[in-house]
Structures are given as structure tokens and as C-alpha cells.
Amino acid sequence: MSDLSSSTITIDAPLADVQGALFALGQYPTWSSAIKSSEVVESDHQGRATKVKMTIDAGMMKDRVILDYDWSKAPGQLSFSLDDADLLTGMDGSYSIKAIDEDTTQVTYELGVSLSMPIPAMMRQKAEKATIDQALAQLKAALEA
């Protein structure tokens, strides 16, 4: 797996609102234009999604993926890894969420992908960064609306 690309954003919304949006994995298409569909396939005994099937169209990264979600560091962090995909051979990432104050939350999104086709590292990292920045901007816009 490649090194992870990351970005951090400050959102003018309470921690609980940000966690609510990020933890509702089946609702990602409502705020992320890169995620065309999201279906929870498996959940844990607490009702949290542990396996999610998504259709992603993030410019250079277009694929149908199944992601495994790890809640062991929640509510401060939600991480995921690739279970299966059509084109990607690896995809790891996480959202780290922390309150700055009662009305402001900081989110750091880390993402690393591996592709089945040879792509120069610089192009892959640029695509990862663009995907991260777009997702964070759209999350912020949805929560501050």
C-alpha cells in the first residue's frame, strides 16, 4: 500500500453533527458527489456499518468497491480498508474527528490507493489529494448549510 495522502479542514458544526454525517455510511451520496451509491452490506452488533459497497467516480478513480470499516478507535476515528474492487488493488483511509470547541470540529481525512494499472506515484498522489480535498469541502458545505 502506498503512503497516505491527507488533508485537514475545520467545520463550523458541533462534533456530534460531523460524526453523524461521517458515521452514516449509507448516506454518503447525499453530500459527496464522488460517491454515486453506498449500500451497507454488513453491520456489527451495535448497528454500525462494517462492510459497505460503493460506486465511486472521483475523476481518475472510478470503481465499484467493497470497504471494510473499523470502529475500534471511534468516535475519534473511523478507518476503512479495501475488501474487493473491480480496478483498485488497495484502498486504506480514515477520518479523524476532534472538537475544537462546542461549535467547531476538525476533520482529517487520510487516503491511500493502489491501482491495478501502472500510474506514476505523483499522479496517484495528486488524485488522492484532489479526492480528499473535494470530500472535505463537500462535507463542510453540507454541514454548514
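## Strands S4 to S6, helix H2 and charged side chains

Asp-83 has a relative accessible area of 38% and is therefore partly exposed, a class that lies between buried, under 20%, and exposed, over 50%. The structure is a predicted model, and the values below are computed from it. Asp-83 is found in strand S5. The residue belongs to a network of salt bridges that also links Lys-51 and Asp-68. Another lysine, Lys-53, is 30 residues from Asp-83 in sequence, and the C-alpha atoms of Asp-83 and Lys-53 are 9.5 Å apart in space.

**The strands around Asp-83**

Strand S5 covers residues 77-85 and pairs with strand S4, residues 61-70, in the antiparallel sense. Six bridges make up the pairing of S4 and S5. One of the bridge partners can be named: Tyr-69 is matched with Phe-80 of S5. The connection from S4 to S5 is a hairpin of six residues.

S5 also pairs with strand S6, residues 88-101. S5 and S6 run antiparallel and are joined by five bridges. Here Gln-77 has Ser-96 of S6 as its bridge partner. The hairpin from S5 to S6 goes through two residues. S5 thus has pairing with S4 and with S6. In a regular strand the side chains alternate between the two faces of the sheet.

**A negative patch**

Asp-101 is found in strand S6. Where does Asp-101 take part in a patch of charge? Asp-101 gathers with Asp-12, Glu-102 and Asp-103 on the surface, and the charge of this patch is negative. Asp-101 counts as partly exposed because its relative accessibility is 40%, and the partly exposed class runs between 20% and 50%. A residue needs over 30% relative accessible area and no salt bridge to be part of a patch.

**Salt bridges**

How many salt bridges does the structure hold? The count is eight. Side chains of opposite charge can pair when their charged atoms come close. Three of the pairs are set out here, with the distance between nitrogen and oxygen.

| Acidic residue | Basic residue | N to O distance |
|---|---|---|
| Asp-44 | Arg-48 | 2.9 Å |
| Asp-133 | Lys-129 | 3.5 Å |
| Glu-144 | Lys-140 | 3.1 Å |

In the Asp-44 pair, the side chains of Asp-44 and Arg-48 meet. Arg-48 has a relative accessible area of 24%, so Arg-48 is partly exposed.

The two other pairs in the table belong to helix H2. Asp-133 and Lys-129 both lie in this helix, which covers residues 121-144. Four residues separate Asp-133 from Lys-129, about one turn of the helix. Are these two side chains buried or exposed? Asp-133 is partly exposed because its relative accessible area is 35%. Lys-129 also counts as partly exposed, at 33% relative accessibility.

Glu-144 and Lys-140 lie in H2 as well, four residues apart, which is about one turn of the helix. Glu-144 has 32% relative accessibility and so counts as partly exposed. Lys-140 is partly exposed too, with a relative accessible area of 24%.

**Summary**

Strand S5 holds Asp-83, whose salt-bridge network includes Lys-51 and Asp-68. Strand S6 holds Asp-101, which is part of the negative patch on the surface. Helix H2 holds the pair Asp-133 and Lys-129 and the pair Glu-144 and Lys-140.

Notes:
Residues are numbered from 1 along each chain as its sequence is written. This is a predicted model: local features need pLDDT of at least 70, side-chain atom pairs count only at pLDDT 80 or more; totals for chains, interfaces and linings use all residues. Side-chain values use heavy atoms; hydrogens and water are left out. Two strands pair if DSSP finds at least two bridges between them. Patches are made of residues with over 30% relative accessible area and no salt bridge: like charges are joined within 9 Å, nonpolar side chains (Val, Leu, Ile, Met, Phe, Trp, Tyr) within 5 Å. Accessible areas come from the Shrake-Rupley method with a 1.4 Å probe; for residues, only the protein chains shown count as cover. A salt bridge is a side-chain nitrogen of Lys or Arg within 4 Å of a carboxyl oxygen of Asp or Glu. Lys and Arg count as positive and Asp and Glu as negative; His and the chain ends are not counted. The place of a charge is taken as NZ of Lys, CZ of Arg, CG of Asp or CD of Glu. Buried means under 20% relative accessible area, exposed over 50%, partly exposed in between (1.4 Å probe, protein chains only).
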